[in-house]
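With the model open in a viewer, please set the side chains to be drawn as sticks and follow the stops below in order.

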Amino acid sequence: MEVIPAIDLRGGRCVRLYQGDYDRETVFSDDPTSVALRWQELGAPRLHVVDLDGAATGVSSNLEALRRICEAVSVPIQTGGGIRDLDSAWRALDMGVQRFILGTIAVEEPAIVEQACRRFGAEAVVVGVDARDGMAAVRGWRETTGVSALDLIRDMIELGVHRFVYTDISRDGTLTSPNFGAIEEIATDCDASLIVSGGVSSPEHVERLASLGVEGVIIGRALYTGDVDLREAISSAGTAATPQ
C-alpha cells in the first residue's frame, strides 16, 4: 500500500482545511515546491496535489504552483481540483502529472468521465468520491448531493473507471481516525483500486487500512503537524498483514 502525502494549494500556498471548511484554514508553507521535495526525500512514492481554489470555483487557479512541483520532483503526481473538462485534464497531463482526479464532474456530467477514460486511458483517470454522511459532495465539498458514495463508485466502474480516491469529509483534517466501516464496505463491494483519505493520525491507522486491501492512503494534516512520521507510516504500510 502506498502512503501518499497531500499538498493542498490555495492562493499558491500549502494549506490544510478542517473538514473541508475554507474558513478554517491553516497555512503550512508559502513554498509548496519545497514541501514536495521534502516528502520526496523522506520516501514518498507519490504526491497528491489538490487545487482548493479550483475545486471551489471550477477553474484551475494554482497551475503555476503545480507546474513548479512537477518540474522539481521525480515521483509520480496525481492532481485534482477544478478539472471539469477534457482540456483541463490534458493540461494537467501535459505538465507531467500522471493521474488527474475528477470529482464534481463525475456527479454532474458523467459522460465526460467516460470520454476521459477512452481518450487518456483508465490509468490516467481517478474519480474523487468525497462523502458527507455517506452522500457525495461536490464543488469543493460545499454542496452535498442525493447520490450515495457507494452508488457513485458503482456507476463510475460501469463507465470504465478503475481507481477512486475516497474521502470522508467529517474526518478530513481532524486528526481523529478514518471511517473504517465505510472504507471496508467500499473495498469489499467494489472491484476497483481504492485510495482513501481523511482522519489518518497514527501508524496504527495506516496498518489497519493496509489490512483492508486498499491501494493507498493519503495523509495530510498529520504529516504537517508531526503526528505521523512519513517514514514510519511507509514502514507500517509495508509490514501490515495481507487481507485474506
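Begin by selecting R163 and E123, whose side chains meet in a salt bridge with an N to O distance of 3.2 Å; keep in mind throughout that this is a predicted model. The pair links distant parts of the chain, since R163 sits in strand β10 while E123 belongs to the loop between α6 (110–120) and β7 (125–132), 40 residues apart. R163 counts as buried because its relative accessibility is 5%, and the cut-off for that label is under 20%.

Next, select R10, R13, E25, D30 and D53 together, which are joined into one network by salt bridges that share partners.

From there, move to D172 and R16, where the two side chains form a salt bridge at 3.8 Å, N to O. D172 is found in the loop between β10 (163–168) and α8 (180–189) and R16 in strand β2 (residues 13–18), so this contact ties together parts that lie 156 residues apart in sequence. Both D172 and R16 are buried.

For the last stop, select E2 and R46, a salt bridge in which the closest N and O atoms are 2.8 Å apart. Here too distant parts of the chain are linked, with E2 in strand β1 (residues 2–10) and R46 in the loop between α1 (32–41) and β4 (47–51), 44 residues apart. Is each partner buried or partly exposed? E2 is partly exposed, with a relative accessible area of 22%, whereas R46, at 6% relative accessibility, counts as buried.

To continue on your own, note that the structure holds 14 salt bridges, including the pairs visited here.

Key. Residues numbered from 1 in each chain as written. Predicted model: local features only at pLDDT ≥ 70, side-chain atom pairs only at ≥ 80, totals over all residues. Heavy atoms only, no water. Salt bridge = Lys/Arg side-chain N within 4 Å of Asp/Glu carboxyl O. Helix = DSSP H or I, 4+ residues; strand = E, 2+ residues; numbered from the N terminus. Buried < 20%, exposed > 50% of the residue type's maximum accessible area, 1.4 Å probe, protein only.
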